[in-house]
Amino acid sequence: MRLKLKGRRSLIELDAVGDGWHRIDVEGVGAGTLYKYVLPDGTAIPDPTSRHQPEGVHGFSEVIDPRSFHWTDRDWNGRPWEEAVIYELHVGTFTEEGTFAAATAKLDHLVDLGITAVQIMPIAEFYGKFNWGYDGAMWFAPSANYGRPEDLKAFIDAAHRRSLMVFLDVVYNHFGPHGNYLPAIAPIFTKKHESPWGEAINFDGAGAEVVRELVIENALYWTSEFNFDGLRFDAVHTIEDDTPSHILRAFVGSHPRVSTASVYPSHHREL
């Protein structure tokens, strides 16, 4: 496995550290650097867990500094669940611009309407310009169609200043048909089960440990790095797992407050 930095001719060999993992510390690389991984067969792929894909699912990944955004909501602890009046919001159609920034400018309209919580439809990076969000291919990258990660953080920060909770719709039952590079490096799919959308995600077969960890880390990523108040899990009835501890139990057991509507309140930045 090698690392390709945009603008540099030479590739950088990654160090194998066991169990299929690789790592490297590269001097001079920081926020804004564009990179790809190069597989042993010479295929260059974006980082499947990229935080930002400015050129789309097939382009270079961008290094993001998760600590660069200055939050103003540190005293925010959410609202009682019985106060939730939820507005489901699709970022691409909520405003003419279809961006996080434009949506932020409309938050006062939701407050005036009596809304106390916003549920954002899935935003994981997808192929193309238009999507309802349920074909996400890169789970850690908010779609560049809507703006940069800091724009999403600014939306959530502004919502909390207005006493609005913000939930995120997440999809852990399938990947979109274009731009999912995880199968090239991990046993992400299984033939043991079937999915309404194609190959089933491997939650209980050989190598499933790393897949389960990926999903849990993704959920924690949204609630800790972006300060989402909670998550709504899409189509949980299609998530197949024959292990003694179903993957959904990993989420339920991590947080005492779980609603029957598949919304996982996380007022203290945790699951």
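A residue is called buried here when its relative accessible area is under 20%. With that in mind, this briefing on a predicted model begins with helix α4, whose buried residues are P149, L152, K153, F155, I156, D157, A158, A159 and H160. It then turns to a few single residues, and ends with the enclosed spaces, of which there are two cavities of 30 Å³ or more.

**Helix α4 and what surrounds it**

- Helix α4 covers residues 149-161, and because each of its 13 residues is taken at 1.5 Å, the helix should span 18 Å, which agrees with the 19 Å that separates its end C-alpha atoms.
- The buried residues of α4 are covered by elements that include the helices α2 (100-104), α3 (107-113) and α5 (208-225), and the cover also includes the strands β9 (117-120), β11 (138-142) and β12 (165-170).
- After α4 comes S163, a residue whose phi is positive, near 65°.

**Buried residues S61 and D73**

- S61 is found in strand β7, and with a relative accessible area of 0% it is buried, because that value is under 20%.
- The side chain of S61 makes a polar contact with the side chain of Q53, at 2.5 Å.
- When neighbours within four places in sequence are left aside, S61 is in contact with T33, L34, Y35, P46, D47, S50, H52 and Q53, so that Q53 appears both in this list and as the partner in the polar contact.
- D73 has its place in the loop between β7 (61-62) and β8 (86-89), and its relative accessibility of 3% means that D73 counts as buried.
- Between D73 and V236 there are 163 places in sequence, and their C-alpha atoms are 31 Å apart in space.

**Residues with a positive phi**

- Most residues other than glycine have a negative phi.
- N227, which is not a glycine, nevertheless has a positive phi of about 65°; N227 lies in the loop between α5 and β15 (230-233), and with a relative accessible area of 1% it is buried.
- A235 also is a residue other than glycine with a positive phi, in this case near 40°; A235 lies in the loop between β15 and α6 (247-252), and it counts as buried at 16% relative accessibility, because the cut-off is 20%.

**The largest cavity**

- The largest cavity holds about 110 Å³ of space, and its lining is made up of 14 residues, among which A124, W139, D169, V170 and V171 lie nearest its centre.
- The elements that give two or more residues to this lining are β12 and α5, and it is β12 that gives the most, with three residues.
- By kind, the lining of the largest cavity divides into nine nonpolar residues, four polar residues and one charged residue.

**The second largest cavity**

- About 50 Å³ of space lies in the second largest cavity, which is lined by Y172, N173, E194, S195, A200, I201, F203, T238, I239 and E240.
- Two or more residues of this lining are given by each of the strands β13 (189-195) and β14 (198-201).
- The lining of the second largest cavity divides into five nonpolar, three polar and two charged residues.

Methods. Residues numbered from 1 in each chain as written. Predicted model: local features only at pLDDT ≥ 70, side-chain atom pairs only at ≥ 80, totals over all residues. Heavy atoms only, no water. Helix = DSSP H or I, 4+ residues; strand = E, 2+ residues; numbered from the N terminus. Expected span 1.5 Å × (residues − 1). Buried < 20%, exposed > 50% of the residue type's maximum accessible area, 1.4 Å probe, protein only. Contact = heavy atoms within 4.5 Å. Polar contact = N/O pair within 3.5 Å; in protein donor to acceptor, adjacent residues only side chain to side chain. 1 Å grid on protein atoms, 1.4 Å probe; cavity = no way out; pocket = protein on both sides within 12 Å on 5 of 7 lines; lining within 4 Å. Points joined across faces, edges and corners; volume = space filled by probe spheres on them. Nonpolar A, V, L, I, M, F, W, Y, C, P; charged D, E, K, R; others polar.
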